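Me: I would like to go through the labels on this structure one at a time. Please give me the reasoning behind each.

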Amino acid sequence: MSAFIRVRLWLISPPEPSSLTGKLPVPPSCPCHVRPISPGTISWASRGAILRPSLAERNTMASEYKFSFGPWNISEGNDPFGPAVRPTVAWGEKLRVFKRLGFDAVMFHDDDIVPDIERKEWAQIEREAKEMRKAIEAEGLVTEVTAPRLWEDARTVDGAFTSNEASERKWAIERAKRCIDISNVMNCGIVVLWLAREGTYVREAKRAIDAHKWLLEAVNAMLAHDPKIRIAIEPKPNEPMDHAYIPTIGHALALGAVSNDPKRVGGLIETAHSLLAGLDPSDDMAFALAMGKLWSVHLNDQNGLKYDQDKSFGAANLRVAWNQVRVLEQAGYAKTGAMVAFDVKAMRTQRAEVATKHLANSRKIFLHLVEKVRTFDWNIEKQCVANRDYEELEMAILEHLMGVGKK
Ligand code: GLO
Ligand code: MG
């Protein structure tokens, strides 16, 4: 089909919003949620042609999305088989990287905000958290999320919320409550639960039914501790555990649904975690979006079923990355107020002076893919779907991604 006919078809029948974009439940305490946009509503498409966005439009595109990463995403390059290969970057120095690379927010563990948290009384914790808030605000940044780091303390060797020891389970709940208190000081309404050590190396080591009930108790205790806090569960199927108890977003949302305040329990999808579960990250995102429960994403990449690699977004699976961006665009994710976080790691081979490229590149790839999604002729999708010609659809997408083919 010639470009002329394609443009004519676009004018006669602009792409319909996908069913996903129709009526998403509104996430609680998110007044900025508006009706999601579809790729059909983009400004340059409505001019009647599939044009490359101008520089101004691309800047708008970048500012629609809010980006974040965590202090641990600038690291020393150590792995289980070798020590650090880069010097530690001081927090003050890391802080300056955010704005320089075009980021808007920081995701924090509780002890990223207040180091040695276990040895400090609340008055000191509060003081240090206030100082941290001042420091990030001075850089024009906000806190995207906070997360209790429940996996490094000696008391969580056998699990945190699901430890066989009642006193250890109690400690984990108290630590999660403290994280909520810190989150409030940071003016941040979302606590992320990555349930690192909730699972087993040996199935018989735990009573899984009890473990799931304890997870629910922990979530309820957190909800009861603060009437406004929202909990975003970040599922992961394995690593460090052999089998984790909340391996998928389905598990996470099911737990939330039976909690004492389901409105305040949602999810965070990490690309690599979905891939490790053998699932498609964009479908996982779509599932959470359809429920109004996608409260953050950790975009990265993963080369097959290996250790958790946290590669730059799109670096291993560009097509899978495209589909994640496509689904976020379809849902008007940027306008829900939720942010795009990159949970990525620099390669060990990277020298110190170029060890933030994984962050800059992930953001750049994301924005290129937003542009690709917005400039794809969605009428082709419509026609191919109507004709059930998915080979044609696939080829059109591949050519679009490669920047080749019919013009
Ligand atoms: C590890 C997780 C981890 C969490 C972070 C926030 O696999 O992805 O990086 O996202 O600790 O809780
Ligand atoms: Mg993560």
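**Labels and reasons**

Reply: Start with β8, in what is a predicted model. Both of its faces are covered: Val265, Gly267 and Ile269 are buried on one side, and Gly266, Leu268 and Glu270 on the other.

Me: What makes β8 largely enclosed?

Reply: Buried requires 20 or more other C-beta atoms within 10 Å of a residue's own. Six of the six residues of β8 (residues 265-270) pass, so the strand is largely enclosed by the rest of the structure.

Me: How do you know that β6 and β8 pair?

Reply: Pairing needs at least two bridges. Three bridges join β6 (residues 230-234) to β8, and the strands run parallel. Ile231 has Val265 as its bridge partner in β8.

Me: What makes β8 and β9 a pair?

Reply: The cut-off is again at least two bridges. β8 and β9 have four, in the parallel sense. Leu268 stands opposite Ser296 in β9.

Me: Why is α12 called largely enclosed?

Reply: Ten of its 13 residues are buried, so the label follows. Among them are Trp322, Arg326 and Glu329. The buried residues pack against α10, α11, β9, α13 and α15.

Me: How do you know that the span of α12 is close to the one expected?

Reply: The expected span is 1.5 Å times one less than the number of residues. For the 13 residues of α12 (residues 318-330) that gives 18 Å, and the helix reaches 18 Å from its first C-alpha to its last. Gly332 follows, with a positive phi near 60°.

Terms used:
Residues are numbered from 1 along each chain as its sequence is written. Chains are lettered from A and ligands numbered from 1 in the order in which they are written. This is a predicted model: local features need pLDDT of at least 70, side-chain atom pairs count only at pLDDT 80 or more; totals for chains, interfaces and linings use all residues. Helices (H or I, at least four residues) and strands (E, at least two) are DSSP runs, numbered from the N terminus. A residue is buried if 20 or more other C-beta atoms lie within 10 Å of its own, exposed if 12 or fewer, and partly exposed in between; C-beta atoms are placed from the backbone. Two residues are in contact if their C-beta atoms, placed from the backbone, lie within 7 Å.
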